[in-house]
Amino acid sequence: MKLSYKWLSEYVDLHDITPEELADRMTTAGLEVEGIEKAASGTNLVIGEVLECWDHPDSDHLHVTKTKIGPNPEDVTQIVCGAPNCRAGLKVITALPGSELPVGKIGAKPVRGQESNGMLCSLSELGVPKSWQSEYQLAGIEELPADAPVGETNVIGYLGLDDTILDVSLTPNRADCSSMWNMAKEVGAILDRKVTWPDYEGCADKGTPTDFKVSLATDKCSCFYGKVVNHVEVGPSPEWLVRCLHAAGMNSINNVVDISNFVMLETGQPLHYYNLAKLPAHEITVVDDRDMKMTALDGVEFDIQKGDLLITTGGEATGIAGIMGGEESMIDENTTAIFIEAASFNPVSVRRTSIRLNLLTEAAQRFTKGVEPLGMHKAVDRSVQLLEKYCNASGFEETVVAGCENYTPVTVTETLSHCNALLGTAFTMEQVKDVLRRLDFAPEVNGDEIISHIPSYRTDIERQADIDEEVIRLIGFDSLGSTLPMMEATVGMKTPAQKMRDTTRDIMSGFALHEIVTYTLVSDDYIRSAYQPVGEAVELAMPMSEARRFVRTSLMNSVLECLQYNEAHQNVNNNVFEISTVYGKGIEGERLAVALDGKIADDPLHHTVKEGDFYALKGILCAWLERLGYSGSRIQVKENRTDTEHFHPYRSAELWLDKNLLGVFGEVHPAYAKKFDLKRTAYAEIDLKPVFGGRTSKIHYAPLDRYPSVSRDIALVVRTEVTAKEILDVVRKFGKKLVRSSEIFDVYEGEHVEKGYKSVALRIIYAAGDHTLKEEEIAGAHGAIVDNLRKALNAELRS
Amino acid sequence: MSDKIEQVQSEALRAVEECGSAEELQQLRIRYLGKKGSIQELMAEMKSLPKEEKPAFGQKVNLLKAAVSQAIEARQEVLSAGEMDARLAAEKIDITLPGNRTEIGTIHPLQLIRRELEDLFVGMGYTIAEGPEVELDHYNFELANIPKDHPARDMQDTFYIDPNTLLRTHTTAMQMRELEKAEGKLPIKLICPGKVYRRDDDDATHSHQFMQCEGLVVGEHITLADLKGTLEYAANVMFGGGRKIRFRPSYFPFTEPSVEVDVSCPFCNGKGCSVCKHSGWIEILGAGMVHPHVLEINGFDPEKCSGFAFGIGLERMTMLKYGIDDIRNFYTNDLRFLKTFDRFD
């Protein structure tokens, strides 16, 4: 809200408080001032008169003037001016050399060879907003009235522009402060100063009997005040009124319309004045059951639907209630009689209609936030008072009232002890009572109790907590101490799943992976090509763009897109992971995505270079699961029978934990990778539910072997199809209890090995817990293994 | 004869002293201590001495032998130390070459801040609540005192899925679920971090997806001063010691009184700088006392209990803490950006 300091000071004495101080006090009390701007500014200004004006000899648009700037005959100076309206006889705003204006500093220097001692100014050059000025004013220098006193140096004061505009951000609960009168009350409470409203009450009580009828055909209009004024004189508004409207960000139209807007700004109650002659009948009905088109004040046609509040007269629509009047009954220069409307329309209804029609007018915004119960009465009284004074209004008929239940003032009873208990303060009754007095809550103290009588405009005050808030914000939050809650002890702990989530991040980042967070909302394409969608995709009713239409059902596309971005930005070894929820209709999942795009170790200097391939990924995934507490035997890697659309059919696998398929991992299918301009990329997407919810294996201590172990290597040649698992299964099965561990440490295909075969080297460690192994024992076990490798796998032993 | 002993001794000791290599020393050892060496020769000469002189002479020769072998041993040690030095010198490496490149991954900055907050509040006895991002209107709005057609629910702000379902616009939805789940049982002391969504065009300061961490405490005598103390403690942990907290009145539908919370600027210590726009204060979060109506609709008696709630924007806090100027960085995931956050800080 734009708040004029000058206007405000009509109601509250502000002579000893600057706009900046006021802004601080208001902000501290919850009315945040976001900006402070002077209506106009400039130093070393004087009112002058152009005595002579001739064309500049070396310019097609400049003028040279002799301008009088003081009472004495010698107070005449030469100034060059470029404005088209510059002419002899004009009273002008003159900026003398040394003047500082918002547009810059003014000096005395020749303009194209002609001496020039200052500048003749437009209002814009004094920083006056363009919206406050007419087209004519914007086109040239300001033309002062003929009686303007030459030599007057308080030019801004003379112009009535000695004002400062505070930009106040009102929270939704304080819509009352969008009324100048209520704002004055608020400022009065903050500063503890007396507030004086104009003496307007009862001005509309007069009136001759009327035949004008108002009926309410919907309960969405709870109250309607109407009044016929048979005579008004339309003309320009007085300067002070125009300045007030400008300060509030409104334009001046004519005195009658301006008064309706001014009264709205004063009281907060939107008003509508109709041209009485253009109303087809002396009757108004508020309805909400029409389906029709209607042309509003701004000449645009709108679609009215059932449910929209409409003002009708004689069956015809004359206005969209609370939003905008009809074109037909608009006040114009020929208007001689008017009908005043001040009503209360349902905020929800007005809000819906104004959003649908995209008509967020001042009135609509005020109705949306709700008007105060006594607003209509105030607005009609004040309208009559101002119309009489500034529009020569007469011929008032009595006020027509429809609806309008009797207003019952709200009282709220709070106790000092409850207030202090909620705030954690030790305020005295005197302090609390003082705040409520300043707010005009007429506090009544009764022991520990304090009863507040809430003024009609403070519709936000309903219960004790509201009173407590007023107390603390007006006494000031500086009085609040800092304590920690005194309460029953609680155990703060992360759940096992929460701990595992943290651990997963630690493990993954420990493997040189970088965590990413990508957007939840994705395109239709990403949904259609999703890897293992968790369910049927959830679609937004009104997406902001096609790229963000669905809630993602899987992470793969988002993660690959991130790799694509990083490659495009010359980042290498883009190894990332993401932990995120995914959603389908009625289902929530949580997944871990891991992507290796580049090398997982990249140090050629020290000969440690490792591609981020299937095996790198498998190593990471298995180590992660084991580290979380799942012993190796519970983790299985099986042939990929799930998804060969996204994955390389021969370089991918399924990852299982017990009986749960966690997901597929491996090289992204080259055809799919190409979609994201990727080459060889390894990717895994793991369902975290079974992982975070599973029973982990306990740490098991076994005494260390006391007897030495013996290591034996075997070199085999087997057919290429024979898997490592098949070989190790034989070792495990026939090595009996003596095999402590077995591992494959080399696999070789190529020269010296027949095509279709591979050479495999494995190392077996033998030991017994209770004695040193004898050579015969080892030979027995080793021999059994070798024999069975031959039998089961057709393996040939290399020397 | 004694002269000869002395002569051998001085000659031998000098030779040992001057000897420059292990090989030479070995020859000296043979020459003096060997079976045919000078000392052995002297021993042989003893036979020709009169009987009474033999013991004295023998003793002298033994002393000579001990002195020479001791000198050789000593010299041996000196020489082999030198040879080790030489061998090690030949093994010299360039210590200025980089060590093995040991890449360390990173945790996303928003997750770092989230964990920091979680650890902080868990330490104060809070639990961590979880809840769905695809949420019911009921929890996101109705229970939070934002009934249908409340201006805070403008269609522009919320991603609706159908009239009853939406993407949660604030983590308050989780608070409401927890209040409901508690069935009126006290105390409640939790935080609820998570992703939230609003209809905002993405730019340097807006994101349609962002993260919040809200806190909720409900008990028998919870006060506004408790809220201040709690947040002051948190601010000091998050932004370093000496932080002060300032409350300014504000409005949220689910709290009353409601406050905006400023922290004294950690960059200039409240003196005024460009980060705090020369005010000495930075707005970090919104908070307030749980609105009595929220307590009532969730089955608590506002006469018997009270509570506070606060909501932290993780992006804002992270941006403040590290001076990040564009919120989109968090979701673009440029590795150059992510690698900046290589430690808990």
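Here are some notes on this two-chain structure, which is a predicted model.

1. **The interface between the chains.** A good place to begin is where the chains meet: 87 residues from chain B and 83 residues from chain A take part in the contact. The area buried between chain B and chain A comes to about 7,200 Å², and carbon and sulfur atoms give 56% of it. If you want particular residues to look at, try D149(B), P249(B) and L335(B), which supply 9% of the area that chain B buries against chain A, more than any other three residues.

2. **Polar links across the interface.** Between chain B and chain A there are 6 salt bridges. One to display has the side chains of D506(A) and R115(B) meeting at 3.2 Å, N to O. There are also 38 residue pairs in polar contact between the two chains, with both residues at pLDDT 80 or more. On the side of chain B that touches chain A, helix 8 (residues 224-239) of chain B gives the largest share, 7 residues. That side of chain B has 38 nonpolar, 23 polar and 26 charged residues.

3. **N573(A), a residue that reaches chain B.** You will find N573(A) in the loop between helix 16 (556-568) and strand 30 (574-584) of chain A. Leaving aside residues up to four places away in sequence, N573(A) touches D597(A), G598(A), K599(A), D602(A) and L335(B). The side chain of N573(A) makes a polar contact of 3.0 Å with the side chain of D602(A). As for G663(A), 90 residues from N573(A) along the chain, the C-alpha atoms of the two are separated by 23 Å.

4. **A helix pair in chain B.** Helix 1 (residues 2-18) and helix 4 (residues 54-90) of chain B have axes that come within 9 Å and cross at roughly 5 degrees. Angles under 35 degrees count as roughly parallel, so helix 1 and helix 4 of chain B are roughly parallel to each other. From helix 1 of chain B the contact includes I5(B), V8(B), L13(B) and V16(B), and from helix 4 of chain B it includes F57(B), V61(B), L64(B) and I72(B). The residues of this contact between helix 1 and helix 4 of chain B divide into 12 nonpolar, 2 polar and 3 charged.

5. **A helix pair in chain A.** Helix 12 (residues 429-438) and helix 13 (residues 464-475) of chain A pack at an angle of about 95 degrees, with their axes 9 Å apart. Helix 12 and helix 13 of chain A are therefore roughly perpendicular to each other. Among the residues in contact are V432(A), V435(A) and L436(A) of helix 12 and I467(A), V471(A) and L474(A) of helix 13. By class, this contact of helix 12 with helix 13 of chain A has 7 nonpolar, 1 polar and 2 charged residues.

6. **A salt bridge within chain A.** Over all chains the count is 69 salt bridges. In one of them the side chains of R87(A) and E143(A) meet at 3.1 Å, N to O. The pair links distant parts of the chain, 56 residues apart: R87(A) is in the loop between strand 5 (76-81) and strand 6 (91-95) of chain A, and E143(A) is in the loop between helix 3 (135-139) and helix 4 (155-158) of chain A.

7. **Backbone points to check.** Most residues other than glycine have a negative phi, and most peptide bonds are trans. A cis bond joins L186(B) and P187(B), with omega about -10 degrees, and P187(B) sits in the loop between helix 7 (172-182) and strand 5 (188-197) of chain B. The peptide bond from E256(B) to P257(B) is also cis, with omega near -5 degrees, and P257(B) is in strand 8 (residues 255-264) of chain B. In chain A, D440(A) has a positive phi, near 65 degrees, and lies in the loop between helix 12 and strand 24 (444-446).

Conventions
Residues numbered from 1 in each chain as written. Chains lettered and ligands numbered in written order. Predicted model: local features only at pLDDT ≥ 70, side-chain atom pairs only at ≥ 80, totals over all residues. Heavy atoms only, no water. Axes fitted to C-alpha atoms, helices over the stretch in contact; angles between N-to-C directions. Helix = DSSP H or I, 4+ residues; strand = E, 2+ residues; numbered from the N terminus. Parallel < 35°, antiparallel > 145°, perpendicular 65-115°, else oblique. Contact = heavy atoms within 4.5 Å. Nonpolar A, V, L, I, M, F, W, Y, C, P; charged D, E, K, R; others polar. Buried area = accessible area lost by both parts, 1.4 Å probe. Salt bridge = Lys/Arg side-chain N within 4 Å of Asp/Glu carboxyl O. Polar contact = N/O pair within 3.5 Å; in protein donor to acceptor, adjacent residues only side chain to side chain.
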